[in-house]
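Here's a quick briefing to read with the model open in your viewer. Take the topics in any order you like.

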Amino acid sequence: MKEAEELPSLIVFEEWNGSSSTKLSKTATITAYSSLTIQRSGNRFDHVWRRALQGFVPEGFPSSVTPDYVPFQVWDSLQGLSTYIRTMLSTQALLSAIGVGEKSATVLGATFQWFLRDLTGMFGGILFTFYQGSNLDSNAKMWRLVADLMNDLGMLMDLVSPLFPSAFIFLVCFGSLSRSFTGVASGATRAALTQHFALQNNAADISAKEGSQETLATIIGMALGMLLSRITIGHPVAIWFSFLSLTAFHMYANYRAVRCLALTSLNTERCSILLQNFMETGQVLSPEQVSRMEHVLPMWTISWSSKNAKLLYGHVHLGVRISSLNNLEMMELVQSTGYHYAKAKYLLLELKGKIGVILHKDSTAADGLQSFIHALVMVNLLAKDKSVHTKSQMWMDQQYIIFVQKLESSGWNTGRLLSPSIIWKANWIFENKKTD
C-alpha cells in the first residue's frame with residue numbers, strides 16, 4: 001500500500017457574504033492549526049445595513065438591473081412620496097364634504113356616496129382596459145406619465161368637492177374615474193418596465209423589491225401627510241398652496257422619471273427615429289440617444305412642435321381594412337400585389353399621402369417589423385420619387401438586413417414591433433386563369 005499523503009498542518013477558511021459574485025465582501029477568516037481561530041472582518045453595522053438593503057434592492061444589484069433602474073426608482077419614489085402626502089389632504093377634504101364630524105350627516109348617506117364613487121371607478125377601469133388595454137405596451141413612457149397626471153386630476157376633484165356641494169357626487173365620481181385610469185395604465189406599464197429592468201430573468205424579484213420601496217414611501221408619505229394636515233387644518237390658503245406645490249413637484253418628478261428610461265424595445269416612434277438617422281448617416285443610435293429624442297407626452301399636446309413634423313411614423317397606417325378601400329385604391333393594390341409583394345407577408349399602399357400596411361393573416365412578429373420599416377422607407381421617398389414601390393424595395397433588398405444587424409449590435413430588441421393592436425388582416429391567393 002502507498003503511504004498516505006501527509007495532511008496540511010494549517011488550513012484557512014474565508015467566509016464571504018453577498019448575493020452577486022461581483023459584490024462579495026469578506027466577513028470572517030477561520031484558521032485551523034492546533035486550534036480554531038475566528039477573525040471577523042468589517043463591523044456589525046455594515047452587515048446589518050447590507051441585510052436591510054436586501055429587502056429593497058434586487059438580488060445581485062446593480063449588475064442584475066439596467067443602468068437606468070436607479071435614477072428611475074429615485075424619481076419614482078419621490079413622486080410617490082408627494083402623492084401620499086397629498087392623499088391625506090384630499091381625503092380630509094373628501095371626508096369633510098361627505099359629512100364626517102357633522103351631526104346632520106347620516107351613515108347611510110355617506111355609505112351610498114362612497115359606494116357610488118367606487119362603483120364609477122370600477123366601471124371606468126373596465127372601459128379603459130377595453131379601449132386602451134392592448135395599446136399600453138406600445139408607448140409605456142407616455143402612458144406612465146398620463147397615468148400619474150390622471151391621478152393628480154382625481155385628487156384635485158376630491159379637494160374641490162367641498163367647495164361645490166351641489167355638484168359633489170359628480171366631482172367625486174369624476175375623480176374616481178380618473179384614478180381608475182391611473183390604476184390600469186400604471187399597473188400595465190409597470191409590468192413592461194419591470195421586464196425592461198430585468199437583466200437576469202429576475203422580473204419577479206424586481207417587482208417584489210419595488211413593492212417594498214413603495215411601501216416605505218407610503219409610510220413616510222402618510223406620516224408627513226398627517227403632520228401637514230394637522231398644521232394646515234382650518235387654513236384653506238395653506239392647504240391649496242401645499243397641494244398645488246406638491247402637485248407641481250409630482251409632475252416634475254414623473255417627467256424626470258420617464259426621461260431616465262432608455263428602453264430597448266422598438267415602438268413606432270423609436271423605429272422612425274432610428275431609420276431616419278440610419279438613412280441619413282448609415283449609423284444606428286443607441287437606446288440612450290433615442291430616449292433623449294423621443295416624446296413622452298401625448299402627441300396632441302406637442303402638435304405645434306416642428307420636430308414632430310419630421311417624424312415618419314405619423315404617415316403610416318398599420319392594419320388597413322381592405323374592404324374600406326375605394327375602387328381606385330383597390331385597383332392599385334391589385335397591381336402592386338402581383339408585381340412588388342408576391343412573396344411578402346404584407347402589402348403596402350399609398351393612401352392620400354400616407355402609406356397603408358395590410359398584413360397577411362399568417363404574418364409573424366418579424367413580418368410586422370419589416371412591413372413597418374418598409375412603409376417608413378416609402379414615406380421618406382414619397383416627396384423625392386414617384387416610383388416609391390420600386391425604390392423602396394431596392395432599399396429593403398440592399399439595406400434592411402444591415403439595418404437590423406446594426407440595431408441588434410447596438411442593444412435593440414428586434415424581436416417585434418410594439419404598436420397599437422392590429423385587428424384587421426387579409427389573405428391573398430395568386431391564381432393563373434387558363435384562357436381558351
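Leaving aside neighbours within four places in sequence, which residues is S419 in contact with? They are S138, T268 and L318. S419 sits in the segment after β8 (413–418), and it counts as buried because its relative accessibility is just 13%, where buried means under 20%. Keep in mind that this is a predicted model.

**The whole protein**

- The secondary structure adds up to 13 helices and 8 strands.
- Of the 436 residues in the protein, 42% are buried.
- Take the contacts between residues at least 6 apart in sequence: 70% of them join residues at least 24 apart.
- The protein has an accessible surface of about 25200 Å², and carbon and sulfur atoms account for 61% of that.

**Helix α6**

- Helix α6 covers residues 203–232.
- What span should the 30 residues of α6 have at 1.5 Å a residue? The expected figure is 44 Å, and the end C-alpha atoms are 42 Å apart, so the two agree.
- Buried residues of α6 include A203, I206, Q213, A217, G221, G225, L228, S229 and T232.
- Charged side chains are on the buried list of α6 too, among them D205, K209 and E210.
- L227 is also in α6, but it counts as partly exposed because its relative accessibility is 49%.
- L227 belongs to a nonpolar surface patch with F56, L216, I220, L224 and I231. Together the patch residues have about 520 Å² of accessible area.
- Just ahead of the helix, N201 sits in the loop between α5 (168–197) and α6. N201 isn't a glycine, yet its phi is positive, at about 55 degrees.
- Is N201 buried or exposed? With a relative accessible area of 81%, N201 is exposed.
- At the other end, α6 is followed by G234, which has a positive phi near 85 degrees.

**Salt bridges**

- Side chains of opposite charge can pair when their charged atoms come close.
- The structure holds 10 salt bridges.
- R144 and D76 make one of them through their side chains, at 2.8 Å from N to O. This pair links distant parts of the chain: R144 is in helix α4 (residues 140–160), D76 is in helix α2 (residues 69–98), and they are 68 residues apart.
- Both partners, R144 and D76, are buried.
- There's a network here as well: salt bridges link D76, R144, R190 and E210.
- D205 pairs with K209, with 3.0 Å between the closest N and O atoms. These two are 4 residues apart in helix α6, so about one helical turn separates them.
- D205 and K209 are both buried.
- Which residue does D362 form a salt bridge with? The partner is K361, and the closest N and O atoms are 3.4 Å apart.
- D362 is partly exposed, at 44% relative accessible area.

**L159 and its surroundings**

- L159 is found in helix α4, and it counts as buried because its relative accessibility is 5%.
- Not counting residues up to four places away in sequence, L159 touches L89, S90, A93, I239, W240 and F243.
- Along the chain, L159 and V172 are 13 residues apart, and 9.3 Å separates their C-alpha atoms.

**Helix α13**

- Helix α13 runs over residues 388–409, which makes 22 residues.
- How far does α13 reach from its first C-alpha to its last? The distance is 29 Å, close to the 32 Å expected at 1.5 Å a residue.
- Where does α13 bend? There's a bend of about 50 degrees at Q399.
- An α-helix has 3.6 residues a turn, so residues three or four places apart point the same way.
- The buried residues of α13 are V388, H389, S392, W395, M396, Y400, F403, V404 and L407.
- After α13 comes G411, whose phi is positive, near 95 degrees.

Note on methods:
Residues numbered from 1 in each chain as written. Predicted model: local features only at pLDDT ≥ 70, side-chain atom pairs only at ≥ 80, totals over all residues. Heavy atoms only, no water. Patch = residues over 30% accessible without salt bridge, like charges linked within 9 Å, V, L, I, M, F, W, Y side chains within 5 Å. Areas by Shrake-Rupley, 256 points an atom, 1.4 Å probe, with all protein chains shown as cover. Salt bridge = Lys/Arg side-chain N within 4 Å of Asp/Glu carboxyl O. Buried < 20%, exposed > 50% of the residue type's maximum accessible area, 1.4 Å probe, protein only. Expected span 1.5 Å × (residues − 1). Bend = angle between axes of the 7 residues up to and from the residue. Contact = heavy atoms within 4.5 Å.
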